[in-house]
Amino acid sequence: MQGRRGIYIKQIKVKIKDFKYDILLGENINLKEVLNPFISRRLFIITDKNLYHYYESYLNNHLNDFNFIFVVVEPSEHSKSFESYESVINTLLQHHISRNDLIVALGGGVVGDLAGFVSATILRGVDLIQIPTSLLAMVDSSIGGKTGIDTTYGKNLVGAFKQPILVVTDTHFLKTLPKVEFINGLAEVLKAGLIRDKALLELLKQDHYDVVEMIYKAIMVKKEIVELDPFESHERMFLNFGHTFGHSIEQAHHYEIKHGFCVAMGMDLALQLGIHLKETNPNLLTEYYQLSDKIGLPRFEGNKTNYIEQIKYDKKHKNGKIYFVLLKEVGQPIICPISEESLYDLSN
Ligand SMILES: NC(=O)c1ccc[n+]([C@@H]2O[C@H](COP(=O)([O-])OP(=O)(O)OC[C@H]3O[C@@H](n4cnc5c(N)ncnc54)[C@H](O)[C@@H]3O)[C@@H](O)[C@H]2O)c1
């Protein structure tokens, strides 16, 4: 689609059962124009301190005709907590938020998950717009409606499904994103390629590629999967490839290692587990290392047993088995119920 000011925008239509929304993807999207249909509604822009520092004046300039209020949280996974949830809720209530207002999540996956959970629960639901600013949020967390916060027992254990009414994915935000955060986001792109799109892996192998195209392909993987299975009864579980070990590593290190890096180590372990169980083609691990090393993602090093205990709290745990996503080949994920013993076997 050609934007009215000559700016190229891809309009991706998402349909979750009867609910439809657009993801607008492009560079330098005219925010004022795309938010114009909501001009009569008050906007609560939830963001973090880093984004507020970079984009306060950008938003003030672009949204000067709008009635909006900033709600700023700390920039870290620790903001996905009961404390920040309560603090954001209290701020919105102090401003007498109504159901006609809109919550805008402007930030990475942390802001998206927190603001999404707030919008799902405050007044039993206020509309949500996602404006993802990190690569990870653009290709993954802003799509599909999963929102939530962490608990002392594990990551994302309290949450809700809340579909946004619009996602505005503007790659101009990536200009201020630190390189390490870009690499972090590439872990989810790599995962999308591994579970569903060989062409995306081919693109990642190139030294120079079109970032908008890469984001588009990754969004399409996520969109197609969540449309098939919005509430994670089957296909959506494939998106958890690498996440079972990944979440456990993340929690064991008190969220000091980035989500994408933990997912990369988790994919390494899931491939090793698949090979151990004779489900995964062993060549896949070599191919995986070639790509993850090129991107700059870490391999798993250390003692696996440290992380197995934590997996018991994972949501994919049922009747003493852990439902692991393994890969047979690129594009062929499977869900395997695995006993804790097999996991301890792997660590020997
Ligand atoms: N809901 C889902 O479906 C889903 C999917 C994947 C991951 N997640 C969640 O996403 C979170 C990770 O997201 P993340 O990696 O975006 O982390 P993040 O939100 O913490 O962002 C990473 C860092 O980058 C900064 N940042 C973001 N955009 C920026 C920009 N444009 N310019 C400068 N700095 C910028 C942030 O301030 C932060 O310091 C985890 O909590 C994970 O569980 C959710």
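In what sense do strand β7 and strand β8 pair, and over how many bridges? Keep that one in mind for the hairpin view below; every panel here comes from a predicted model.

**View 1. The β7–β8 hairpin and its odd asparagine.** Here is the reply to the opening question: β7 (residues 146–151) and β8 (residues 154–161) pair in the antiparallel sense, over five bridges. Two residues sit between them, and the pair forms a hairpin. To find your way along the ladder, start at Lys-146, whose bridge partner in β8 is Phe-161. Then look for Asn-156, which is placed in strand β8. Its phi is positive, about 55°, although Asn-156 is not a glycine. For background, most residues other than glycine have a negative phi. Asn-156 counts as partly exposed because its relative accessibility is 22%, and the cut-off for buried is under 20%.

**View 2. The open sheet of seven strands.** Reading across, the order is β1-β2-β9-β6-β5-β3-β4, with mixed pairing. β1 (9–16) and β4 (68–73) stand at the edges with a single partner strand each, so one side of each has no neighbour in the sheet. On average, neighbouring strands here are turned by 20° against each other, direction ignored. As a reminder, strands of a sheet pair through backbone hydrogen bonds, either parallel or antiparallel.

**View 3. The β3–β4 end of the sheet, with helix α2.** Six bridges hold this pair in register: β3 (residues 43–48) and β4 run in the parallel sense. A handy landmark is Ile-45, which has Phe-70 of β4 as its bridge partner. Packed on the sheet is helix α2 (residues 49–62), which touches β3, β4, β5 (102–107) and β9 (166–170). The direction of α2 makes about 165° with that of β4.

**View 4. β5, α4 and β6.** Which strands does helix α4 lie across? The helix, residues 109–121, lies across β3, β4, β5 and β6 (127–132), and runs at about 165° to β5. β5 and β6 run parallel and are joined by six bridges. Within that pairing, Gly-107 stands opposite Pro-132 in β6. Follow the chain from β5 through α4 to β6 and you trace a right-handed β-α-β crossover. How much of β6 is buried? Five of its six residues are, so to speak, under cover: the strand is mostly covered. On to the next neighbour: β6 pairs with β9 in the parallel sense, over two bridges. Here Gln-130 stands opposite Val-167 in β9.

**View 5. The two domains together.** Domain 1 covers 9–177 and domain 2 covers 180–347. Their C-alpha centres lie 25 Å apart. Where they meet, 33 residues of domain 1 are in contact with 35 residues of domain 2.

**View 6. Helix α11 and what covers it.** This helix (residues 283–295) has 13 residues and reaches 19 Å from its first C-alpha to its last, close to the 18 Å expected at 1.5 Å a residue. Its buried residues are Leu-284, Leu-285, Tyr-288, Tyr-289, Leu-291, Ser-292 and Ile-295. When you look at that list, remember that an α-helix has 3.6 residues a turn, so residues three or four places apart point the same way. What covers the buried residues of α11? The cover includes α6 (179–196), α7 (198–205), α10 (259–276) and β11 (321–327). Right after α11 comes Gly-296, with a positive phi near 105°.

**View 7. Two loops at either end of α10.** One loop, between α9 (243–252) and α10, holds His-254. His-254 has a positive phi near 50°, despite being a residue other than glycine. His-254 counts as exposed because its relative accessibility is 52%, and the cut-off for exposed is over 50%. The other loop, between α10 and α11, holds Thr-280. Is Thr-280 buried or exposed? Thr-280 is buried, with a relative accessible area of 6%. Leaving aside neighbours within four places in sequence, Thr-280 is in contact with Leu-271, Gly-274, Ile-275, Leu-327 and Lys-328. For a sense of scale, take Asp-18, which is 262 residues away from Thr-280 along the chain: their C-alpha atoms are separated by 37 Å.

Note on methods
Residues are numbered from 1 along each chain as its sequence is written. This is a predicted model: local features need pLDDT of at least 70, side-chain atom pairs count only at pLDDT 80 or more; totals for chains, interfaces and linings use all residues. Side-chain values use heavy atoms; hydrogens and water are left out. Two strands pair if DSSP finds at least two bridges between them. Helices (H or I, at least four residues) and strands (E, at least two) are DSSP runs, numbered from the N terminus. Axes are lines fitted to C-alpha atoms, for helices over the stretch in contact, and angles run from 0 to 180 degrees between N-to-C directions. Contact means heavy atoms within 4.5 Å. The expected span of a helix is 1.5 Å times one less than its number of residues. Buried means under 20% relative accessible area, exposed over 50%, partly exposed in between (1.4 Å probe, protein chains only). A crossover is right-handed if, with the strands pointing away from the viewer, the path from the first strand over the helix to the second runs clockwise. Domain bounds come from an automatic or database domain assignment.
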